[in-house]
Amino acid sequence: MSRIQSLQDTRATLVAESLAAFAGKSSDLTDEDRAQDDERSTKIDVIDSDIKREKRRQRWEAEQQAIVDTPAP
């Protein structure tokens, strides 16, 4: 499994957990509910940054390889 896929899977799990935590609850959340949601949200933000970073790294590697593979004139 690629690193990006692994990160996306982890992200999807966190989102599903958040949605499940709010399912059937009224707008009145407990302090614990809020703290857990804040923690998941922070993790999702970090994962989003990691995904962007990994995609950028892969793009740079592909660009570098294209330069290496380009024949000299």
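1. Let me start with Thr10, which is found in helix 1. Thr10 is partly exposed, with a relative accessible area of 38%. Across the sequence, its partner to look at is Ile47: the two residues are 37 apart in the chain, while their C-alpha atoms are 8.2 Å apart in space. Please keep in mind throughout that this is a predicted model.

2. Now for Ile47 itself. Once neighbours within four places in sequence are set aside, Ile47 is in contact with Leu7, Thr10, Arg11 and Leu14. Ile47 also belongs to the largest nonpolar core, together with Ile4, Leu7, Leu14, Ile44 and Ile51, six residues in all. Two elements each give two or more residues to this core, namely helix 1 (3–22) and helix 2 (31–69).

3. A word on the overall fold. The protein has two helices and zero strands. Its C-alpha atoms fill a box of roughly 70 × 20 × 15 Å along the principal axes. The radius of gyration is 19 Å, whereas a compact globule of 73 residues would have one near 11 Å.

4. How much of the protein is buried? Buried residues account for 15% of the 73 residues. The protein exposes about 5,700 Å², and carbon and sulfur atoms supply 53% of that area.

5. On charge, the protein carries 12 positive and 16 negative charges, and the mean positions of the two sets are 4 Å apart. Several of the charged residues deserve a look of their own, and the next points take them in turn.

6. Is Asp50 buried or exposed? Asp50, which lies in helix 2, has a relative accessibility of 19%; the cut-off for buried is under 20%, so Asp50 counts as buried. Leaving out residues up to four places away in sequence, Asp50 touches Arg3 and Leu7. Of these, Leu7 is one of the six residues of the largest nonpolar core, and Leu7 is also among the contacts of Ile47.

7. Asp37 also has its place in helix 2. With a relative accessible area of 22%, Asp37 is partly exposed, because the partly exposed class runs between 20% and 50%. Which residues does Asp37 touch, not counting those up to four places away in sequence? They are Ser18 and Phe22. The C-alpha atoms of Asp37 and Ser18 are 6.4 Å apart, with their positions 19 residues apart in sequence numbering.

8. Lys55 is another residue with its place in helix 2. At 44% relative accessibility, Lys55 counts as partly exposed. Its C-alpha atom is separated by 7.6 Å from that of Ile4, although the two are 51 residues apart along the chain. Ile4 is itself a member of the largest nonpolar core, which makes this pair a handy place to look when you turn the model around.

9. Finally, back to helix 1, where Asp9 has its place. Asp9 counts as partly exposed, at 32% relative accessibility. Where does Ser49 lie relative to Asp9? The two are 40 residues apart in sequence, and their C-alpha atoms are 15 Å apart in space. For the residue that follows in this note's opening point, Thr10, the C-alpha distance to Ile47 is 8.2 Å.

Terms used
Residues numbered from 1 in each chain as written. Predicted model: local features only at pLDDT ≥ 70, side-chain atom pairs only at ≥ 80, totals over all residues. Heavy atoms only, no water. Helix = DSSP H or I, 4+ residues; strand = E, 2+ residues; numbered from the N terminus. Rg over C-alpha atoms; globule rule 2.2 N^0.38 Å. Buried < 20%, exposed > 50% of the residue type's maximum accessible area, 1.4 Å probe, protein only. Areas by Shrake-Rupley, 256 points an atom, 1.4 Å probe, with all protein chains shown as cover. Lys, Arg positive; Asp, Glu negative; His and termini not counted. Charge placed at Lys NZ, Arg CZ, Asp CG, Glu CD. Core = buried A, V, L, I, M, F, W, Y, C linked by side-chain atoms within 4.5 Å. Contact = heavy atoms within 4.5 Å.
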